[in-house]
Amino acid sequence: MVTFNRRAALRLGLGASLLAAPALGQGRFPNRPIRFITPWPPGASLDVLQRSMFEVVRKDLGQPILSENLPGARGTRAATFLVTQGVPDGYTLAHHHLSVLRHPFLTKQPSWDPVNDFTYIMQFSGFTFGTVVRTDSPYQRLADVFAEARRKPGELTYSTSGIATTNHIAMEDLLRREKAEMTHVPYRGAQEGVTALLGRQITMVADAQAWRPQVEAGEFRLLSVWTRERLGGFPNAPTLNELGYDMVVTSPYGVVGPRGMPGEIVEILHNSFKKAWEDESSQAVVRRWDMPREYLNTADYLAFVKARVEYEKEWVQRLNLSID
């Protein structure tokens with residue numbers, strides 16, 4: 001747990017100078033491995049991209065990135081770790097996404113301030129969301145699913161990677177616009193939804209592209225994609241914009257650390273991760289998986305977060321979402 005002394009130092013505004021001094025005083029940063037926590041299960045496109053980037057960072061900084069997956073709790077376990085146990089010395093980083101910004105508005109006892117309790121380093125990509133059904137499903141279009149959901153309120157089901165995640169909120173927005181009702185089935189990650197659809201346990205997956213191999217193999221039908229443009233790998237799947245919803249949903253994500261990291265270390269990490277993002281090995285993964293390009297530098301990432309927090313608060317209230 002975080003000690004009283006650390007919290008007291010941060011309240012006094014001394015956290016960055018006092019807590020970072022040992023790391024800076026021990027020589028050039030970094031001089032030992034960096035721990036990187038991802039709050040999703042391993043194996044999907046995000047994991048592949050990050051591991052490619054970690055290898056470039058390893059070569060650039062001369063220290064390995066120790067990747068750790070902590071799924072569950074709607075993708076908030078990494079943020080919880082940073083707030084409760086993180087030390088702002090640059091040796092503990094995490095994958096950060098919109099659910100972390102939304103979380104404080106879902107409960108009467110928020111665990112963190114989404115703007116001030118993290119050090120924002122770099123945003124680089126986002127999730128490629130889509131809706132898929134089995135190919136033996138009677139639904140040829142997303143409109144067919146919504147039409148059936150209007151006829152049979154609550155009987156059709158859709159999966160996401162958790163309650164109050166970006167894709168859950170987007171689906172509820174779509175259903176509200178369509179005046180339709182489906183039952184939400186939350187899982188710990190997108191891959192669990194794919195498994196459930198393969199087993200005929202749900203009607204539709206509305207999640208990140210863990211469904212891609214099954215669509216490529218002809219087992220699933222891709223009804224829509226939520227990116228700004230159609231995917232190169234699936235040019236026949238329409239975007240939500242093309243379907244008339246005026247929506248782009250990518251849930252941009254990036255790299256953060258605990259509150260109070262010194263600027264020198266943030267700059268080193270930003271420059272190295274940007275180099276890794278732009279490396280051909282990483283961009284090959286981006287092209288292979290049709291991943292969105294959402295790069296923002298340190299200042300722009302923080303500015304985005306400040307604006308997005310207001311959006312998340314509004315939508316939580318509008319949809320009356322709560323985890324209490």
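The residues lining the largest cavity divide into 6 nonpolar, 3 polar and no charged. The model is predicted, and the count comes to 1 cavity of 30 Å³ or more. The volume of the largest cavity is about 40 Å³. Its lining consists of His96, His97, Leu98, Leu101, Gln123, Pro252, Tyr301, Phe304 and Val305. Two helices, H5 (98-102) and H12 (298-318), each supply at least two residues of this lining. H12 gives the most, with 3 residues.

From the cavity we turn to the nonpolar cores. The largest core holds 55 residues, of which Met171, Met182, Leu269 and Phe273 touch the most other members. Helix H3 (residues 45-61) provides the largest share of this core, 7 residues. Apart from this core lies another, of 20 residues, with Ala79, Val83, Trp112 and Phe118 among them.

Met182 can be followed further. Leaving aside residues up to four places away in sequence, Met182 touches Val145, Phe146, Ala149, Gly154, Leu156, Thr157, Tyr158, Met171, Leu175 and Met204. Among these contacts of Met182 are Val145, Phe146 and Ala149, which also appear among the buried residues of helix H6.

Helix H6 spans residues 142-151, and 7 of its 10 residues are buried, so H6 is largely enclosed by the rest of the structure. The buried residues are Leu142, Asp144, Val145, Phe146, Ala147, Glu148 and Ala149. What covers them includes strand E5 (129-134), helix H7 (166-178), strand E8 (204-208) and strand E9 (220-225).

Technical notes. Residues are numbered from 1 along each chain as its sequence is written. This is a predicted model: local features need pLDDT of at least 70, side-chain atom pairs count only at pLDDT 80 or more; totals for chains, interfaces and linings use all residues. Side-chain values use heavy atoms; hydrogens and water are left out. Buried means under 20% relative accessible area, exposed over 50%, partly exposed in between (1.4 Å probe, protein chains only). Helices (H or I, at least four residues) and strands (E, at least two) are DSSP runs, numbered from the N terminus. Contact means heavy atoms within 4.5 Å. On a 1 Å grid over the protein atoms alone, a cavity is a set of points where a 1.4 Å probe fits but cannot get out, and a pocket is an open set with protein on both sides within 12 Å along at least five of seven lines; lining residues have an atom within 4 Å of a point. Grid points are joined across faces, edges and corners, and a volume is the space filled by probe spheres set on the points. Ala, Val, Leu, Ile, Met, Phe, Trp, Tyr, Cys and Pro count as nonpolar, Asp, Glu, Lys and Arg as charged, and the others, Gly among them, as polar. A nonpolar core is a set of buried Ala, Val, Leu, Ile, Met, Phe, Trp, Tyr and Cys residues joined through side-chain atoms within 4.5 Å.
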